[in-house]
Amino acid sequence: MELSVSFFAARPHSCVLPVVPARPDLKLRRRPLTLRRRSAIRAQVSDPSRCRETDDDGFVLEDVPHLTNFIPDLPSYPNPLHKSQAYAIVKQTFVSPEDVVAEKIVVRKDSPRGVHFRRAGPREKVYFKSEEVRACVVTCGGLCPGINTVIREIVCGLNYMYGVDDILGIEGGYRGFYSKNTSQLTPKVVNDIHKRGGTFLRTSRGGHDTQKIVDNIQDRGINQVYIIGGDGTQKGAALIYQEVEKRGLQVAVAGIPKTIDNDIAVIDKSFGFDTAVEEAQRAINAAHVEVESVENGVGVVKLMGRYSGFIAMFATLASRDVDCCLIPESPFYLEGKGGLFEFVEQRLKENGHVVIVLAEGAGQEYVAQSMHTVDGRDASGNRLLLDVGLWLSQQIKDHFTKVQKMAINMKYIDPTYMIRAIPSNASDNIYCTLLAQSAVHGAMAGYTGFTVGPVNSRHAHIPISRVTETQNIVKLTDRMWARLLASTNQPSFLNSDEVMLGKVDRAIIEQINNRKITSI
């Protein structure tokens, strides 16, 4: 859904710094005067990289920073796409400065118009000369299908669409800015990297030192920075942007959000997620074949999902061979009426076998209690997870052999690192292309301190703080989880009174927020 508005067009980000002259590429579309009063209201926000402009009918624009906010006299140039053969037949080559994307498209008749983001895409004017651009690309954090596709399409997009030849690859994550060599990236160099898993530039966790990174950016003459990574990485990108702004540098900082768990807020989904769900089917199918071929077969498949159970949930819905799905958001218990042991016994009696899919972050409190362990953290500040798959497999085996005196055939499959190390599928390849091109268009148009992604299927420029302030989780009170319960016919393990009171989602959100990454 796309909406056009005109009241904010001349102020792309005026609430961050004192008002600056209107940008020449922004043209207001005049509309007939109506009796309805419309006035722009500036809403003060604590995050300097985030601007809200509010209208009296509830329209809210969450805008992203622009280089002209802190470099007022920055000249603009015609977009090279004016001469592009690829765009010659496009009906509307350039995105209007008035185009925005609605965060929510299901609304009621009298409800406020709600939050909107600036639509991504090429602008009529750019704020960099192609021959003066020196761009860099860096990948941080864990692996995910599609990283190489994003790298490739950033390089090809800059070169093919904007004629940029000087593109550097920063090797080894954030610390690569000040402790590693760089490589020169060209369309030829990255031509077939999308066929490989992992990251062509290598990666690491941690290593963020804002001063050292920006010093390096300044020393190398880099003026466009493309940062691919999860919420911790994007927080680092926000710090880089703030330091760049503080120094008054003409450097555009663009983030491309990455997480295999699909736990990035605001955007429809993260790249690599579709590939992960598709690959998880192979593990589930293998478990089903194994347990179906023996007497009292119990298959346990552990999938990725530290705090969010989207991969496990969608893989279960896609498979139809799963009897029970356990995710971090949904508490469960083993013993007693309505517990997991009772459900497994029931399915073994009915079908002779059972398949359980669980996310790696599910049941961590039970594992910690039984193993008497203390929380540890990795270099990114993420809690180190215990192996809930092995623990659950042993608990089920012990219960049925020692308590129920029933022989079972346990099959445990852990494909987690196999899933994230593969190349992206066709759907994710297309998605990665759109993300990369949205980032390139935004940076060339002078936007900075932003990230990109689809909001209701329309790509938008989003303030970094919006995708890092919270995590996307499976809401147990939403219909998608209800669809899974209806598909597997498993117990919900929840007290119905708690669900009706809305306690469940609030408790999960609090728990997730308490675990939020604090380091970068």
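Leaving aside neighbours within four places in sequence, which residues is Gln 250 in contact with? Keep that residue in mind; the tour reaches it after an overview and one helix pair.

**Whole chain**

The model is predicted. Show the protein chain as a cartoon and you will have 15 helices and 19 strands on screen. Of its 520 residues, 57% are buried. Among contacts with a separation of 6 or more, 78% join residues 24 or more positions apart.

**Stop 1: α3 and α4**

Select α3 (210-220) together with helix α4, residues 231-247. Two packed helices are described by the angle between their axes and the distance between the axes. Here the axes come within 10 Å and cross at roughly 60 degrees. That angle makes α3 oblique to α4. The crossing of α3 past α4 is right-handed.

Now show side chains on both helices. From α3, the residues in the contact are Thr 210, Gln 211, Ile 213, Val 214, Asp 215, Ile 217 and Gln 218. On the α4 side they meet Leu 239, Ile 240, Glu 243, Val 244 and Arg 247. By class, this contact divides into 6 nonpolar, 3 polar and 3 charged residues.

**Stop 2: Gln 250**

Move on to the loop between α4 and β13 (252-257) and select Gln 250. With 30% relative accessibility, Gln 250 counts as partly exposed. Leaving aside neighbours within four places in sequence, the contacts of Gln 250 are Leu 67, Ile 71, Leu 74, Tyr 127, Phe 128 and Asn 223. Draw a C-alpha to C-alpha distance from Gln 250 to Asn 223: the two are 6.1 Å apart in space and 27 residues apart in sequence.

**Stop 3: two positive phi values**

Most residues other than glycine have a negative phi, and most peptide bonds are trans. Two loop residues come next, Arg 202 and Asn 296.

Select Arg 202, in the loop between β11 (182-184) and α3. Its phi is positive, near 65 degrees. Arg 202 has a relative accessible area of 48% and is partly exposed.

Then select Asn 296, in the loop between α5 and β14 (297-303). The phi of Asn 296 is also positive, near 50 degrees. Is Asn 296 buried or exposed? Asn 296 has a relative accessible area of 16%, under the 20% limit, and is therefore buried.

**Stop 4: α5 and α6**

Select helix α5, residues 273-292, and helix α6, residues 310-319. At what angle do their axes cross? The answer is roughly 60 degrees, with the axes coming within 9 Å. The two helices are therefore oblique to each other, and their crossing is right-handed.

For the contact itself, show Phe 273, Ala 276, Val 277, Ala 280, Gln 281 and Ile 284 in α5. These meet Phe 310, Ile 311, Phe 314, Ala 315, Ala 318 and Ser 319 in α6. The contact has 10 nonpolar and 2 polar residues, and no charged ones.

**Stop 5: α13**

Keep α6 on screen and add helix α13, residues 479-488. Which residues of α13 are buried? They are Trp 481, Leu 484, Leu 485 and Thr 488. These four cover an arc of only 100 degrees around the axis, which puts them on the same side of α13. An α-helix has 3.6 residues a turn, so residues three or four places apart point the same way.

Add β15 (324-326) and α7 (340-351) to the selection: the buried residues of α13 pack against these two elements and against α6. Turn the view to the other side of α13, where Arg 479 and Ala 486 are exposed. After the helix comes Asn 489, with a positive phi near 60 degrees.

**Stop 6: Pro 454**

The last selection is Pro 454, in strand β18, residues 450-455. Pro 454 counts as buried at 6% relative accessibility. Not counting residues up to four places away in sequence, Pro 454 touches Val 266, Ile 267, Asp 268, Tyr 431, Leu 435 and His 459. Take Leu 435 from that group and draw the C-alpha to C-alpha distance to Pro 454: the separation is 8.3 Å in space and 19 residues in sequence.

Methods. Residues are numbered from 1 along each chain as its sequence is written. This is a predicted model: local features need pLDDT of at least 70, side-chain atom pairs count only at pLDDT 80 or more; totals for chains, interfaces and linings use all residues. Side-chain values use heavy atoms; hydrogens and water are left out. Axes are lines fitted to C-alpha atoms, for helices over the stretch in contact, and angles run from 0 to 180 degrees between N-to-C directions. Angles under 35 degrees count as roughly parallel, over 145 as roughly antiparallel, 65 to 115 as roughly perpendicular and the rest as oblique. A crossing is left-handed if the near helix is turned anticlockwise from the far one by less than a right angle, and right-handed if clockwise. Contact means heavy atoms within 4.5 Å. Ala, Val, Leu, Ile, Met, Phe, Trp, Tyr, Cys and Pro count as nonpolar, Asp, Glu, Lys and Arg as charged, and the others, Gly among them, as polar. Buried means under 20% relative accessible area, exposed over 50%, partly exposed in between (1.4 Å probe, protein chains only). The arc is that of the directions from the helix axis to the C-beta atoms.
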